[in-house]
Amino acid sequence: MALTLLLVFWTSVWPYLLGFLLVGATGAAGWWLWRTDRLLRRRDRHWRQEDAVLAGRRTLAQVDVMTGTEFEELVAGLCRRDGCTEVRRVGGAGDNGADVLGRLPDGRTMVVQCKRYAPSRAIPNRELRDLLGARVHFCADVAVFVTTTRFSGPSESFAREHDILAVHRDLLGLWNNGASLMSLAGVNGRGQGDARHRTRWKQAYGG
């Protein structure tokens, strides 16, 4: 019956049917183009992130022979790679305990202290106290301490108690290889390896 009515009133309804089909086709084409654009943009961001990681990647052996300034520039570059803004290196004489300043992707301000020490050394408490002073001086929301070595037990506890993100050598390796800075916060202050790891560390670096 519906087919019969359609045939009878075809001359009256066909413009509406045609319009409906055109609107549907246009909408479907628009959705397909929007979805394709989103996929391409996502892939482009992913490729750009991979390129940024590869461009900034250094082996820890290469990092170990950097100057202090080169290490600070490396850390600043890793921050920029992770989407931090207003990043600038301020280390040097009269730096007030800060080497890098900037903003995290969520807008919070950060102050970073960088120490390129021999792996056989350990970061003492006083270094972290200096960073606390820098956080107050620069009115920063987040304090980050990045080093090529490890933290002593007391200094690691100090960092955890005062909400300092302590990036030791192992975490620096993860960050350098593509992990984001703030993803390291989830493992902050949870130890620097078990007894076997510490034994291997001493065998490799001494101290």
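Asp-106 and Arg-108 form a salt bridge, with their closest N and O atoms 2.9 Å apart. The model described here is predicted. A search of the whole structure finds 7 salt bridges. The points below cover several of these salt bridges, strand β5, helix α6, a surface patch and the surroundings of Leu-60.

**Salt bridges**

- Arg-108, the partner of Asp-106, has a relative accessible area of 34% and is therefore partly exposed, since that class lies between 20% and 50%.
- Glu-127 and Lys-115 also meet through their side chains in a salt bridge, at 3.8 Å from N to O.
- This pair links distant parts of the chain, as Glu-127 belongs to helix α5 and Lys-115 to strand β3, 12 residues apart.
- Glu-127 has a relative accessible area of 9%, so it counts as buried.
- Arg-81 forms a salt bridge with Asp-82, and their closest N and O atoms are 3.0 Å apart.
- Arg-81 and Asp-82 are both buried.
- A network of salt bridges links Glu-72, Glu-73 and Arg-89.

**Strand β5**

- Strand β5 covers residues 142–147, and because 6 of its 6 residues are buried, the strand is largely enclosed by the rest of the structure.
- In a regular strand, side chains alternate between the two faces of the sheet.
- Val-142, Val-144 and Val-146 point one way from β5, while Ala-143, Phe-145 and Thr-147 point the other way.
- The residues of both sets are buried.
- Strand β3 (residues 109–115) pairs with β5 in the parallel sense, over 6 bridges.
- Val-111 has Ala-143 of β5 as its bridge partner.
- Strand β7 also runs parallel to β5, and 4 bridges join the two.
- Phe-145 has Ala-166 of β7 as its bridge partner.

**Helix α6**

- Helix α6 spans residues 153–161, and its buried residues are Ser-155, Glu-156, Phe-158 and Ala-159.
- These buried residues lie on the same side of α6 because they cover an arc of only 160° around the axis.
- Pro-154 and Glu-161 are exposed on the other side of α6.
- The buried residues of α6 pack against two helix and strand neighbours that come before β6, namely β4 (122–123) and α5 (125–137).
- They also pack against β6 (150–151) and β7 (164–167).
- Asp-163, just after α6, takes a positive phi of about 55°.

**Surface patch**

- Trp-31, Trp-32, Leu-33 and Trp-34 form a nonpolar patch on the surface.
- Together, the four residues of this patch have about 530 Å² of accessible area.
- Trp-32, one of the patch residues, is found in helix α2 (residues 10–56).
- Trp-32 counts as exposed because its relative accessibility is 52%, and the exposed class begins over 50%.

**Around Leu-60**

- Leu-60 is found in helix α3, which covers residues 60–64.
- Leu-60 has a relative accessibility of 26%, so it counts as partly exposed.
- Leaving aside neighbours within four places in sequence, Leu-60 is in contact with Arg-169, Leu-172 and Gly-173.
- Leu-60 and Leu-172 are 112 residues apart along the chain, and their C-alpha atoms are separated by 8.6 Å.

Terms used
Residues are numbered from 1 along each chain as its sequence is written. This is a predicted model: local features need pLDDT of at least 70, side-chain atom pairs count only at pLDDT 80 or more; totals for chains, interfaces and linings use all residues. Side-chain values use heavy atoms; hydrogens and water are left out. Buried means under 20% relative accessible area, exposed over 50%, partly exposed in between (1.4 Å probe, protein chains only). The arc is that of the directions from the helix axis to the C-beta atoms. Contact means heavy atoms within 4.5 Å. Patches are made of residues with over 30% relative accessible area and no salt bridge: like charges are joined within 9 Å, nonpolar side chains (Val, Leu, Ile, Met, Phe, Trp, Tyr) within 5 Å. Accessible areas come from the Shrake-Rupley method with a 1.4 Å probe; for residues, only the protein chains shown count as cover. Two strands pair if DSSP finds at least two bridges between them.
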